[in-house]
Amino acid sequence: MKTDLSVGQITVIESKHERIRPFKYHFEELSSNIDVSKTLMSEFEELNLKRKEKELLTRRHRKVLASFKNLSSQTLVMNAKEFSHFLRTLKDDKIVVKADGIGTFICLTAILLGIIPKELEIEFILSETPIKLFPDNLCSNNNQSSSHKITLKIPHNSWIYPFDTLYSGGKKLGLKYFKTVAGH
């Protein structure tokens, strides 16, 4: 499980040209260590985790969750705009986007804000993300295009797999073209 979520990339595959292009991101706000007080169990009570999930939630898991929880919406929007600009430079009209971790939140922000070109047919394959921690203030802007399909994949061996409360919050986003596939 990756615990430093401040740096990462979203992989974009142009299907016609079979070209893979990375979109790199950096969250300065996550570069410093998360304060220990942000990883206490009491910080996650509003998630309404099941008893078994609470038993499985280690300090390492809580550190990752605290990173997601402490993301600012403003930073997500800024990165989503940069990502949208990046997508506009692509030559294909059919694209596959693969992201995990914070990259999934960047993709979801861009989709919900409707800033991704609607003429691009994009399949988003997002994995290992606690959808339940997606900022509420960004959920109200659902401008998803029908040409942007989203699949949330939760592999059986993923750190988040035992915590279905965290990734079963897709309805919160109000997305029309969204499905969750867990356990593959």
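Let's start with one residue: Cysteine 107 is buried, with a relative accessible area of 0%. Keep in mind as you look around that this is a predicted model. Cysteine 139 is buried too, at a relative accessible area of 12%. With cysteines in view, you may wonder how many disulfides there are by the distance rule used here. The count comes to zero. For background, a disulfide is a covalent bond between the sulfur atoms of two cysteines.

Now step back and take in the whole chain. It has seven helices and six strands. Follow it along the sequence and the pattern reads β-β-α-α-α-β-α-β-α-β-α-α-β. The chain has 184 residues, and 49% of them count as buried. Its accessible surface comes to about 9,400 Å², with 49% of that belonging to carbon and sulfur atoms. How do the contacts run along the sequence? Take those between residues at least 6 apart: 79% of them join residues at least 24 apart.

Let's go inside next. The largest nonpolar core has 53 residues, and the ones with the most contacts inside it are Ile10, Phe83, Leu87, Val97 and Phe124. Which helix gives the most to this core? That is helix H4, residues 102-113, with eight residues.

Isoleucine 10 is a good place to pause. Setting aside residues up to four places away in sequence, isoleucine 10 touches a long list of partners, including Phe83 and Val97, which are also on the list of residues with the most contacts inside the core. Among the other partners of isoleucine 10 are Arg21, Pro22, Phe23 and Tyr25, and Cys107, where we began, is one of them as well.

Phe83 and Phe23 turn up again when you look at the aromatic rings. Ring pairs link Phe23, Phe83 and Phe86 into a cluster. By the pairing rule, the count comes to four aromatic pairs. One of these is formed by phenylalanine 105 and phenylalanine 134, which sit edge-to-face, 5.1 Å centre to centre with 75° between the planes. The pair links distant parts of the chain: phenylalanine 105 is in helix H4, while phenylalanine 134 is in the loop between S4 and H5, 29 residues apart. Are these two rings buried or exposed? Phenylalanine 105 is buried, with a relative accessible area of 0%, and phenylalanine 134 counts as buried at 1% relative accessibility.

Phenylalanine 105 also leads us to another residue, threonine 129, since the two are in contact. Where is threonine 129 placed? Look in the loop between strand S4 (121-127) and helix H5 (136-139). Threonine 129 has a relative accessible area of 0%, which is under the 20% cut-off, so this residue counts as buried. Leaving aside neighbours within four places in sequence, the contacts of threonine 129 include Phe68, Gly101, Thr104, Leu152, Ile154 and Tyr167.

Last, let's visit the charged pairs. The structure holds three salt bridges. In one of them, lysine 69 pairs with glutamate 46, with their closest N and O atoms 3.1 Å apart. This pair links distant parts of the chain: lysine 69 is in helix H2 (residues 59-69) and glutamate 46 is in the loop between strand S2 (19-26) and helix H1 (51-56), 23 residues apart. Lysine 69 is partly exposed, at a relative accessible area of 30%, and glutamate 46 is partly exposed as well, at 46%.

Another salt bridge joins aspartate 164 and lysine 50, whose closest N and O atoms are 2.8 Å apart. Aspartate 164 lies in helix H6 (residues 164-167) and lysine 50 in the loop between S2 and H1, so the pair ties together parts that are 114 residues apart in sequence. Aspartate 164 is partly exposed, with a relative accessible area of 29%, and lysine 50 is partly exposed at 44%.

The remaining salt bridge is between glutamate 55 and arginine 51, with the closest N and O atoms 3.4 Å apart. Both residues lie in helix H1, four residues apart, which is about one turn of the helix. Arginine 51 counts as exposed, at 68% relative accessibility.

Conventions:
Residues numbered from 1 in each chain as written. Predicted model: local features only at pLDDT ≥ 70, side-chain atom pairs only at ≥ 80, totals over all residues. Heavy atoms only, no water. Core = buried A, V, L, I, M, F, W, Y, C linked by side-chain atoms within 4.5 Å. Buried < 20%, exposed > 50% of the residue type's maximum accessible area, 1.4 Å probe, protein only. Helix = DSSP H or I, 4+ residues; strand = E, 2+ residues; numbered from the N terminus. Contact = heavy atoms within 4.5 Å. Salt bridge = Lys/Arg side-chain N within 4 Å of Asp/Glu carboxyl O. Disulfide = S-S within 2.5 Å. Areas by Shrake-Rupley, 256 points an atom, 1.4 Å probe, with all protein chains shown as cover. Phe/Tyr/Trp six-rings, centres within 6.5 Å; stacked < 30°, edge-to-face > 60°.
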